[in-house]
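Grab a pencil and work through these exercises with the model open beside you. Try each task before reading its solution.

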Amino acid sequence: MAVATEPRRDGPRLLDTVGTARVREALVGYAFVAIPLAFFLAFFIFPIGYAFYISFFDWGILGKLGYVGAGNYRNLWHDHLFWTWPPHRGSAIWNTLYYTAFVVPAQMALGLALALAVNAKLRGKTFFRAAYYFPSLTSSAAVTAIALYILNSGGLLNTLLGKIEGHPVRTPWFGQSSTALESIMGLNVWTTSGTMMLFYLATLQSIPTDVYEAAAIDGTSRWRTFWKITFPLLKPGHFFVGVLSVIGCLKLFDQAFIVSGGKGGPAYSTVTAVLYLYQTAIFDSRWGYAAAIGVVLFAIIFLFTLVQRLLFGRAEIGY
């Protein structure tokens, strides 16, 4: 005779337990990120929103002086120290864009060349990786202070050039408008190429060796292997390094400040967008106008990042 048994009811109870565990796990996770998220909101998101807010006011050292609407942006449009049309050296925006146009390709190319060198099979490559990266670890203020000594009219560089050319060279590289910004360019390309090297090196090492083995079997030359295989597969690295380089160049401040003493000289040749923002906020105490400069600079950086995203961001290593 069959004995009737009640159906087991462990299913819903087990689902309730699993659901409670997931909720508890989620709460623990949110608790861990709550403090960093609060700092991010307080020190990054809120200042951006507050800067956008005060950019519509005549805001001085004593606080809000009056609502001007888009007046700060209209004045900025006609401010020849901020930008000019047609473009010429001496305005903050064009100095910054000129600097970016030369430094970004140069430091990307040098970083990629160094990454290819230290990724090859050679002795002591660990030493070379550290040596190439070391300038990136050094304080930019310290590097600029040393460069001021080396590149002054009686400095080491002019001494060496004088011996090569056979006559004294007295070029003040940071002291004349035709070479001041270019000297900062060379300085920054050297100091930042080590960081770009590391990013490119990480992307290089993620490429599978199968494609290189197949190219070797086909007898492909080194240049063709690089141009047809390595370079296309580095597109994710190009995007990341490019975005980082452009943002860093558009935010140029410390070297220009140290070289010019905060004035952007000589003849406004080293005034950049961020340095002009600093001068407006600190020297002139026009914080509303300075906030408008910051908002415009943020829009320019966002636009450049979006363009780079459309060019490189969708590329993935296809293997």
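**Exercise 1. Check the length of helix H10 (235-250) against the span expected for its 16 residues, then list its buried residues.**

Solution. Start with the rule: the expected span is 1.5 Å times one less than the number of residues. For the 16 residues of H10 that gives 22 Å, and the end C-alpha atoms are 22 Å apart, so the two agree. Next, pick out the buried residues (under 20% relative accessible area; exposed is over 50%, partly exposed in between, with a 1.4 Å probe and protein chains only). In H10 they are Gly 237, His 238, Val 241, Gly 242, Val 243, Ser 245, Val 246, Cys 249 and Leu 250. Helices here are DSSP runs of H or I with at least four residues, strands are E runs of at least two, and both are numbered from the N terminus.

A word on the ground rules: this is a predicted model, where local features need pLDDT of at least 70 and side-chain atom pairs count only at pLDDT 80 or more, while totals for chains, interfaces and linings use all residues. Residues are numbered from 1 along each chain as its sequence is written, and side-chain values use heavy atoms, with hydrogens and water left out.

**Exercise 2. Which residues of H9 are buried, and which are exposed on the other side?**

Solution. First, the helix itself: H9 covers residues 222-233, and its 12 residues reach 15 Å from first C-alpha to last, close to the expected 16 Å. The buried set is Thr 225, Phe 226, Ile 229, Thr 230 and Leu 233. These sit on the same side of H9, because they cover an arc of only 125 degrees around the axis (taken from the directions from the helix axis to the C-beta atoms). That fits the usual geometry: an α-helix has 3.6 residues a turn, so residues three or four places apart point the same way. Flip to the other side of H9 and you find Trp 223 and Lys 228 exposed. Finally, ask what does the covering: H3, H7 (180-205), H8 (210-217) and H10 are included, with contact meaning heavy atoms within 4.5 Å.

**Exercise 3. Find the largest cavity and sort its lining into nonpolar, polar and charged.**

Solution. A cavity is a set of points on a 1 Å grid over the protein atoms alone where a 1.4 Å probe fits but cannot get out; lining residues have an atom within 4 Å of a point. The whole structure holds one cavity of 30 Å³ or more, and the largest has about 40 Å³ of space. Its lining is Ile 93, Thr 96, Leu 97, Leu 250, Ala 273, Leu 297 and Ile 300. H3 (92-119) and H13 (287-313) each supply at least two of these, with H3 giving the largest share, three residues. Sorted by type, the lining has six nonpolar residues, one polar and no charged.

**Exercise 4. Where do Pro 266 and Ala 267 lie, and what is the phi of Ala 267?**

Solution. Begin with the general habit: most residues other than glycine have a negative phi, and most peptide bonds are trans. Now look at the loop between H11 (254-260) and H12 (273-283), where Pro 266 is found. A cis peptide bond joins Gly 265 to Pro 266, with omega about 0 degrees. Ala 267 lies in the loop between H11 and H12 too, and its phi is near 55 degrees, a positive value. Ala 267 counts as exposed, at 59% relative accessibility.

Definitions and conventions:
1 Å grid on protein atoms, 1.4 Å probe; cavity = no way out; pocket = protein on both sides within 12 Å on 5 of 7 lines; lining within 4 Å. Points joined across faces, edges and corners; volume = space filled by probe spheres on them. Nonpolar A, V, L, I, M, F, W, Y, C, P; charged D, E, K, R; others polar.
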